[in-house]
Amino acid sequence: MAKILLTNPELVALIGEMIEDERAWDPAWVAVLCDRFRDLQRDHGAEVIRTERVRQVREEGFDADHDDQNYPGQLAEAGYCYILSALRFVSGHAPADIQRAPPPGWPWALEWWKPKSASRDLARAGALIAAELGRRKRQHDAFVALVVQACVAGGADREDAQAIVEMSIDDALAGDRIEVGHPDHDWGVAGAAALADELVLHHLEGGQA
């Protein structure tokens, strides 16, 4: 039987129908319910993290502009510290000891260290890691835009340059063993111009683009 995805109201309605007409003993519908409950269980962690991320933005003001002010990896460092605090809660350490001081590597002032419980700290860690991924994606996209702009300034067609850069930039950076945000690389106009020449413009000079 093909898997059927149900919304929560549909799930409640289905359970009610099965109770009324004893369809709960139908193996096919039992399979539907089992699949749905597994879906809900799998989604719980992601939903908790999403809720915490929304709270950070709405209540704390930690939106994309704020996150972009952090150095590469800083949000992930904070998330890692909250993972460690969650493990300490699970291991039975006294809450007062956990709250007294953050683990080594905490990237912000002590006043921002706010461990609560294992579950809440794991949610906070996940939200911080999600924020770091968002920050990295924005930095990546901004650099891609600079590279494309440099290609166009050098005579390339914008759509062609966009396609080539998006397809090849990650491999080019990986070949140099760097990722966007690496402190030893120029992520400004000069760095973009150099990569534009490597990926696109030298092909123009050779009549290949």
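The paragraphs below lead through a predicted model, beginning with one helix and passing by way of a pocket to two individual residues.

Helix 4, which covers residues 74–90, has 17 residues and reaches 25 Å from its first C-alpha to its last, a span close to the 24 Å expected at 1.5 Å a residue. Its buried residues are Q74, L75, A78, G79, C81, Y82, S85, A86 and F89. Seen down the axis of helix 4, these buried residues fall within an arc of 155°, and they therefore line one face of the helix. What covers them includes helix 3, helix 5 (95–100) and helix 6 (118–153). After helix 4 comes G92, a residue whose phi is positive, near 90°.

Helix 4 also takes part in the lining of the largest pocket, to which helix 2, helix 3, helix 4 and helix 6 each supply at least two residues. This pocket has a volume of about 340 Å³, and of the 18 residues that line it, the closest to its centre are E60, F62, W108, W112 and R124. The largest share of the lining, four residues, comes from helix 2.

Two residues show how parts of the chain that are separated in sequence come together. Where does N70 lie? N70 lies in the loop between helix 3 (64–67) and helix 4 (74–90). Because its relative accessibility is 10%, and buried means under 20%, N70 counts as buried. When residues up to four places away in sequence are not counted, N70 touches L75, W108 and R135; of these partners, L75 is also one of the buried residues of helix 4, while W108 is among the residues closest to the centre of the largest pocket.

The second residue, E52, has its place in helix 2 (residues 27–60), the helix from which the largest share of the pocket lining comes. At 12% relative accessibility E52 lies below the same cut-off of 20%, and so E52 too counts as buried. Which residues does E52 touch, not counting those up to four places away in sequence? The contacts of E52 on that basis are A123, R124 and A127, and R124 is again among the residues closest to the centre of the largest pocket. The separation along the chain can be set beside the distance in space: E52 and A125 are 73 residues apart in sequence and 9.4 Å apart in space, C-alpha to C-alpha. Within its own helix, the side chain of E52 makes a polar contact with the side chain of R55 (2.9 Å).

How values were computed: Residues are numbered from 1 along each chain as its sequence is written. This is a predicted model: local features need pLDDT of at least 70, side-chain atom pairs count only at pLDDT 80 or more; totals for chains, interfaces and linings use all residues. Side-chain values use heavy atoms; hydrogens and water are left out. Buried means under 20% relative accessible area, exposed over 50%, partly exposed in between (1.4 Å probe, protein chains only). Contact means heavy atoms within 4.5 Å. A polar contact is a pair of N or O atoms within 3.5 Å; within protein, one must be able to donate a hydrogen and the other to accept it, and residues adjacent in sequence count only if both atoms are side-chain atoms. The expected span of a helix is 1.5 Å times one less than its number of residues. The arc is that of the directions from the helix axis to the C-beta atoms. On a 1 Å grid over the protein atoms alone, a cavity is a set of points where a 1.4 Å probe fits but cannot get out, and a pocket is an open set with protein on both sides within 12 Å along at least five of seven lines; lining residues have an atom within 4 Å of a point. Grid points are joined across faces, edges and corners, and a volume is the space filled by probe spheres set on the points.
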